[in-house]
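Subject: Structure handover

Hello,

Here is the structure you asked to take over. Please open it alongside this message.

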Amino acid sequence: MTHVVVLGAGRVGGAMAKDLAPDFKVTVADRSEDALARMRGAGLATRPADLASPDGVKAAVADADLVVGAVPGFMGFATAKAVLEAGKALVDISFFDEDCFELDALAKAQQLTAIVDCGIAPGCGNIILGDTLRQWDHVDSFECLVGGLPAVRTWPYEYKAGFSPIDVIEEYTRPARYVKDGRTITMPALSEPELLNFEGLGTLESFNTDGLRSLIHTFPQVPDMKEKTLRYPGHIEKMRMLRESGFFRKEKLQVAGVEISPLDLTTALLFPMWFMQEGDEDFTVMRVTVTGLKDGQRVRRELDLLDRYDRATKTTSMARTTGYTCTAAVRLMAKGGYARQGVNPPEFLGQEPGAWSFIRAELAKRGVIFTGE
């Protein structure tokens with residue numbers, strides 16, 4: 001039986017491990033004994049590992065046939081590099097800032113397949129675009145609107161993080177890039193707000209984040225591409241206020257004789273308020289719109305997703321939508337359905353005939369349902 005080692009026993013890593021367990025030998029690695037204890041309580045094999053250390057990562061994956069990466073973004077690149085150096089194939093959801101193609105030569109030298117950014121966003125939107133480009137004559141525009149939000153709006157932030165909170169702050173500080181008329185435009189994160197209505201949810205606000213990532217480089221033939229994040233109205237202004245006041249700065253300050261970074265203080269205050277407690281319910285909303293030409297005719301493709309917390313399994317929607325996209329890719333690789341060597345952003349996966357249909361069907365089996373075509 002294929003042995004899958006999941007690096008990271010957090011909310012998403014744990015959901016992926018449980019989903020893979022019926023079909024694979026699964027081991028979950030993490031440095032947190034509390035997190036590993038939860039995994040053992042679910043009947044999974046665990047191993048303690050220092051995933052902040054390349055040697056620790058290599059030791060954790062030594063007996064793996066395939067590795068799933070689910071560490072916070074700031075650890076993601078180094079972790080992926082260590083996995084590839086250990087000679088292991090990888091499917092990863094870590095939202096790291098570095099250029100994934102810096103690892104392409106390493107993966108090819110090791111004759112390995114590494115799929116990165118394989119979650120809901122980045123992830124599904126990229127796969128849909130890759131699948132569309134495979135079938136159409138030309139794509140004129142691509143837009144992905146996506147957000148994960150708490151079902152209950154609680155003052156003051158009306159937000160809770162469905163994944164690593166530090167990665168959320170990175171989204172709010174990293175310059176946002178999109179493509180307009182074939183040119184890459186760079187704007188501040190949280191810019192160009194729009195109010196949009198979604199059936200069953202009401203009005204949400206969208207804003208720029210750096211969600212296109214690899215698409216900017218991999219599909220230069222698409223002249224207009226944009227991804228925007230969705231939140232409850234009013235969230236942008238609160239985050240801009242904190243950012244522009246310096247609360248997200250990493251550089252240390254002297255305060256009453258103590259050296260501290262504003263970001264460390266902010267996270268200490270914010271994260272307890274943003275942390276999803278056991279039983280907190282959330283939802284994920286996504287709309288992917290593509291326009292272009294097919295067989296000489298103007299065409300439009302729109303797929304919508306509204307997924308909610310699973311009360312039966314107590315699994316958050318963000319863990320479901322992110323994690324089950326990744327585990328679908330693992331299953332596709334394990335059955336020989338995708339084997340392109342090197343680093344593969346999800347849009348490459350989408351260009352494989354049948355890949356999106358397989359992933360969409362796997363998601364639907366788990367109640368994560370895209371509507372539209």
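Below are notes on its salt bridges, one surface patch and one buried residue.

Please keep in mind that this is a predicted model.

Salt bridges

The structure holds 34 salt bridges. Three pairs and one network are described here.

Within a helix, Glu85 is paired with Lys81, and their closest N and O atoms are 2.7 Å apart. The two residues are 4 residues apart in helix α4 (residues 73-85), which means that about one helical turn separates them. Glu85 has a relative accessible area of 32%, so Glu85 is partly exposed. Lys81 is also partly exposed, because its relative accessible area is 35%.

Another salt bridge joins the side chains of Lys160 and Asp280, at 2.9 Å from N to O. Lys160 is in the loop between β7 (138-150) and α7 (165-173), while Asp280 is in the loop between α10 and β15 (282-294), so this pair ties together parts that are 120 residues apart in sequence.

In the third pair, Arg177 forms a salt bridge with Asp210, with 2.9 Å between the closest N and O atoms. Arg177 belongs to strand β8 (residues 176-180) and Asp210 to the loop between β11 (202-208) and α8 (215-218), so parts 33 residues apart in sequence are tied together. Arg177 has 25% relative accessibility and therefore counts as partly exposed. Asp210, at 7% relative accessibility, counts as buried, because the cut-off for buried is under 20%.

The network consists of Asp19, Asp23, Arg331, Glu362, Lys365 and Arg366, linked by salt bridges.

Nonpolar patch

Leu253, Val255, Val258, Ile260, Leu265 and Leu269 make a nonpolar surface patch of about 490 Å². The elements that each give two or more residues to the patch are β13 (253-255), β14 (258-260) and α10 (262-274). One of the patch residues, Ile260, is found in strand β14. Ile260 counts as partly exposed because its relative accessibility is 32%.

A buried serine

Ser317 is in helix α11, which covers residues 317-334. With a relative accessibility of 0%, Ser317 counts as buried. Leaving out residues up to four places away in sequence, Ser317 touches Asp282, Phe283, Thr284, Asp307, Arg308 and Tyr309.

Regards

Notes:
Residues are numbered from 1 along each chain as its sequence is written. This is a predicted model: local features need pLDDT of at least 70, side-chain atom pairs count only at pLDDT 80 or more; totals for chains, interfaces and linings use all residues. Side-chain values use heavy atoms; hydrogens and water are left out. Buried means under 20% relative accessible area, exposed over 50%, partly exposed in between (1.4 Å probe, protein chains only). Contact means heavy atoms within 4.5 Å. Patches are made of residues with over 30% relative accessible area and no salt bridge: like charges are joined within 9 Å, nonpolar side chains (Val, Leu, Ile, Met, Phe, Trp, Tyr) within 5 Å. Accessible areas come from the Shrake-Rupley method with a 1.4 Å probe; for residues, only the protein chains shown count as cover. A salt bridge is a side-chain nitrogen of Lys or Arg within 4 Å of a carboxyl oxygen of Asp or Glu.
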